[in-house]
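Reader: I am new to this structure. Please take me through it, and tell me what lies behind each label.

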Amino acid sequence: AVSEEKFHHIKELTLEEKEGAEQGGFDLSRLALQFRSSLASDWLTLRGEVDLEKQERIEIPYTHLIFSWNSWMNFKTGVILVPFGHFNTAYFPPAQEMTAIPLVNQYIIPTIWGEPGISIFGKLQEFSPLSLSYEILLSNGLGEGGFNVQEGNKNARPGLHKDNNNSKQVSGRLELNLDTSMQILAFEIG
């Protein structure tokens with residue numbers, strides 16, 4: 001069995017220049033280290049990310065084991081990014097064309113939202129030049145009373161250590177793509 005490790009980092013810098021302010025400059029808004037390790041050839045992989053946001057707090061958006069069976073059925077277990085909204089599962093540039101998290105993702109739909117759970121995912125490529133990919137996740141439910149219009153929705157995420165309301169959630173994503181990686185249609189269920 002051959003093991004393969006990959007590490008890469010992502011930095012987000014923002015230029016803050018305010019009218020009438022004496023001083024402005026660049027702000028390191030996020031620094032992330034992403035890793036991937038093939039533990040047992042191609043069938044077992046460990047993936048994760050560690051973020052340092054605004055040089056104030058360290059977060060672990062996701063860390064999970066992937067059990068690869070074949071292209072159309074695979075399993076993940078651990079802390080998994082909830083497949084609800086495209087921005088939650090592909091939130092870093094260059095996957096996103098925006099430089100900041102959209103307002104709808106700051107205040108309505110939880111973003112960079114990972115939950116402990118188990119997931120089934122895969123990709124069907126029998127419809128060339130189209131492919132159909134899916135993911136279904138069973139995880140802890142959103143926290144009670146966490147939504148707040150003024151402060152956003154990060155408090156709705158219950159955290160990684162316990163389920164604060166003893167409820168579970170099922171969420172999923174279904175995508176139809178061209179072989180050129182262009183997304184044609186996507187459905188989110190949660």
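**Strands, surface and rings**

Author: Start in the middle of a sheet: Phe-75 has Ile-120 in S6 as its bridge partner. Keep in mind that this is a predicted model.

Reader: What is the overall make-up of the protein chain?

Author: The protein chain has two helices and nine strands. Along the sequence the pattern reads β-β-β-β-β-α-α-β-β-β-β. Of its 190 residues, 36% are buried.

Reader: What makes S5 and S6 a pair?

Author: Two strands pair if there are at least two bridges between them. S5 and strand S6 (residues 114–127) are joined by eight bridges. The count meets the cut-off, so S5 and S6 are paired. They run antiparallel. Leu-81 stands opposite Gly-114 in S6.

Reader: How do you know that S4 and S5 pair?

Author: The test is again at least two bridges. Strand S4 (residues 57–70) and strand S5 (residues 73–81) have seven, and therefore they pair. They too run antiparallel. In this pairing His-64 faces Gly-78 of S5. S4 and S5 form a hairpin, with two residues between them.

Reader: Which strand does S6 form a hairpin with?

Author: S6 forms a hairpin with S7, and two residues lie between them. Nine bridges join S6 to strand S7 (residues 130–140), in antiparallel fashion. At least two are needed, so this counts as a pair. Gly-122 has Tyr-134 in S7 as its bridge partner.

Reader: Why is Phe-7 called exposed?

Author: Exposed means over 50% relative accessible area. Phe-7 has 58%, so it is exposed. Phe-7 sits in strand S1 (residues 4–16).

Reader: Why is Leu-33 called partly exposed?

Author: Buried would need under 20%, and exposed over 50%. Leu-33 has a relative accessibility of 40%, in between, so it is partly exposed. Leu-33 belongs to strand S2 (residues 25–40).

Reader: What is Phe-7 in contact with, beyond its neighbours within four places in sequence?

Author: Phe-7 is in contact with Leu-33, Gln-34 and Phe-35. Contact means heavy atoms within 4.5 Å. Phe-7 and Ser-37 are 30 residues apart in sequence, and their C-alpha atoms are 8.7 Å apart.

Reader: What makes Phe-7 and Leu-33 fit for a surface patch?

Author: Patch residues need over 30% relative accessible area and no salt bridge. Phe-7 has 58%. Leu-33 has 40%. Both values pass the area cut-off, and Phe and Leu are on the list of nonpolar side chains. The nonpolar patch covers about 490 Å². Its other members are Val-50, Ile-58 and Ile-60.

Reader: How many aromatic pairs are there?

Author: The count comes to one aromatic pair. Trp-69 and Phe-75 form it.

Reader: Why is the pair of Trp-69 and Phe-75 called tilted?

Author: A pair of aromatic rings is described by the distance of the centres and the angle of the planes. Rings pair if their centres lie within 6.5 Å. For Trp-69 and Phe-75 the centres are 6.4 Å apart, so they pair. Under 30 degrees would count as stacked, and over 60 as edge-to-face. Their planes are 35 degrees apart, and therefore the pair is tilted.

Reader: Are Trp-69 and Phe-75 buried, partly exposed or exposed?

Author: Trp-69 has 61%, over the 50% cut-off, so it is exposed. Phe-75 has 26%, between 20% and 50%, so it is partly exposed.

Terms used. Residues are numbered from 1 along each chain as its sequence is written. This is a predicted model: local features need pLDDT of at least 70, side-chain atom pairs count only at pLDDT 80 or more; totals for chains, interfaces and linings use all residues. Side-chain values use heavy atoms; hydrogens and water are left out. Helices (H or I, at least four residues) and strands (E, at least two) are DSSP runs, numbered from the N terminus. Buried means under 20% relative accessible area, exposed over 50%, partly exposed in between (1.4 Å probe, protein chains only). Patches are made of residues with over 30% relative accessible area and no salt bridge: like charges are joined within 9 Å, nonpolar side chains (Val, Leu, Ile, Met, Phe, Trp, Tyr) within 5 Å. Accessible areas come from the Shrake-Rupley method with a 1.4 Å probe; for residues, only the protein chains shown count as cover. A salt bridge is a side-chain nitrogen of Lys or Arg within 4 Å of a carboxyl oxygen of Asp or Glu. Rings of Phe, Tyr and Trp (its six-membered ring) pair if their centres lie within 6.5 Å; planes under 30 degrees apart count as stacked, over 60 as edge-to-face and the rest as tilted.
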